[in-house]
Amino acid sequence: MLDHRPHAERAEIRGTTVTAAEAARLAELFRLLGDPTRARLLYALLEAGELCVCDLVAMVEVTDTAVSHALRLLRTAKIVASRRSGRMIYYRLADSHVRMLLELSREHLWHLSPNPRM
């Protein structure tokens, strides 16, 4: 008969795992990052620093409506931030954590595949 009581070490580890609420928020974050158009927009912002919608449309080659919708979702999730200059709105990554997440994700992709651009 197997003993299914948790070991003391496992009980300590359980206290450091993510909660159900944190897991749900993480899943939502990864869902937002998991869309190819949004990923391309984020990496364009990672490389350029700050861009307006028209520049993002040209770089990612999707409609301005698609870019605006994606940016609205990313801004609501606090993944991107914006600033207004006259009639133009410029977008950038919200903070260094987003930048780090994107850089590490791309590095991991390169690690997994000898030719990640395919």
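This note sets out numbered points on the fold, the sheet, a helix pair and several individual residues of a predicted model.

1. Overall composition. The protein contains six helices and three strands. Followed along the sequence, these elements appear in the pattern α-α-α-β-α-α-β-β-α. Of the 118 residues in the protein, 20% are buried. Among contacts with a separation of 6 or more, 45% are made by residues 24 or more positions apart.

2. The sheet as a whole. The three strands form an open sheet, and their order in that sheet is E1-E3-E2. The pairing is antiparallel. Strand E1 (51-52) and strand E2 (80-85) are the edge strands, each of which pairs on one side only. In a regular strand, side chains alternate between the two faces of the sheet.

3. Pairing of E2 with E3. Strand E3 (residues 88-93) runs antiparallel to E2, and six bridges join the two. Several residue pairs may be used to trace the register. Val80 stands opposite Leu93 in E3, Ser82 is placed opposite Tyr91, and Arg84 faces Ile89. The reader may wish to locate these pairs in turn on the displayed structure.

4. The hairpin turn. E2 and E3 form a hairpin with two residues between the strands. Within this hairpin, Gly86 adopts a positive phi near 65°.

5. Pairing of E1 with E3. E1 and E3 also pair in the antiparallel sense, here over two bridges. Cys52 stands opposite Tyr90 in E3. With a relative accessibility of 3%, Cys52 is classed as buried, because the cut-off for that class is under 20%.

6. Cysteines. Is Cys54 buried, exposed or partly exposed? Cys54 has a relative accessible area of 46% and is therefore partly exposed. A disulfide is a covalent bond between the sulfur atoms of two cysteines. The structure holds zero disulfides.

7. Met88 and its surroundings. Met88 belongs to strand E3. Its relative accessibility is 33%, so Met88 counts as partly exposed. Which residues does Met88 touch, leaving aside those up to four places away in sequence? They are Cys52, Cys54 and Arg83. The two cysteines discussed above, Cys52 and Cys54, are thus among the contacts of Met88. Met88 and Val53 are 35 residues apart along the chain, and their C-alpha atoms are separated by 8.7 Å.

8. Packing of H3 and H5. Two packed helices are described by the angle between their axes and the distance between the axes. Helix H3 (residues 36-48) packs with helix H5 (residues 64-76) at an angle of about 75°, and the axes lie 10 Å apart. H3 is therefore roughly perpendicular to H5. On the H3 side the contact involves Arg38, Leu41 and Leu42, which meet Val67, Ala70, Leu73 and Leu74 in H5. By residue class, this contact comprises six nonpolar residues, no polar residues and one charged residue.

9. H5 and the sheet. In addition to its packing with H3, H5 lies across E2 and E3. The direction of H5 is at about 115° to E2. H5 is accordingly an element to inspect both beside H3 and over these two strands.

10. Glu61. Which backbone feature does Glu61 show? Glu61 has a positive phi of about 60°, although it is not a glycine. Glu61 is located in the loop between helix H4 (53-60) and H5. Its relative accessible area is 67%, so Glu61 is exposed.

11. Lys78. A positive phi of about 60° is also found at Lys78, which is not a glycine. Lys78 occupies the loop between H5 and E2. At 64% relative accessibility, Lys78 counts as exposed, because that class begins at values over 50%.

12. Recapitulation. The points for examination are the open sheet in the order E1-E3-E2, the contact of H3 with H5 at about 75°, and the residues Met88, Glu61 and Lys78. Met88 is partly exposed, Glu61 is exposed in the loop between H4 and H5, and Lys78 is exposed in the loop between H5 and E2.

Note on methods. Residues are numbered from 1 along each chain as its sequence is written. This is a predicted model: local features need pLDDT of at least 70, side-chain atom pairs count only at pLDDT 80 or more; totals for chains, interfaces and linings use all residues. Side-chain values use heavy atoms; hydrogens and water are left out. Axes are lines fitted to C-alpha atoms, for helices over the stretch in contact, and angles run from 0 to 180 degrees between N-to-C directions. Helices (H or I, at least four residues) and strands (E, at least two) are DSSP runs, numbered from the N terminus. Angles under 35 degrees count as roughly parallel, over 145 as roughly antiparallel, 65 to 115 as roughly perpendicular and the rest as oblique. Contact means heavy atoms within 4.5 Å. Ala, Val, Leu, Ile, Met, Phe, Trp, Tyr, Cys and Pro count as nonpolar, Asp, Glu, Lys and Arg as charged, and the others, Gly among them, as polar. Two strands pair if DSSP finds at least two bridges between them. A disulfide is a pair of cysteine sulfur atoms within 2.5 Å. Buried means under 20% relative accessible area, exposed over 50%, partly exposed in between (1.4 Å probe, protein chains only).
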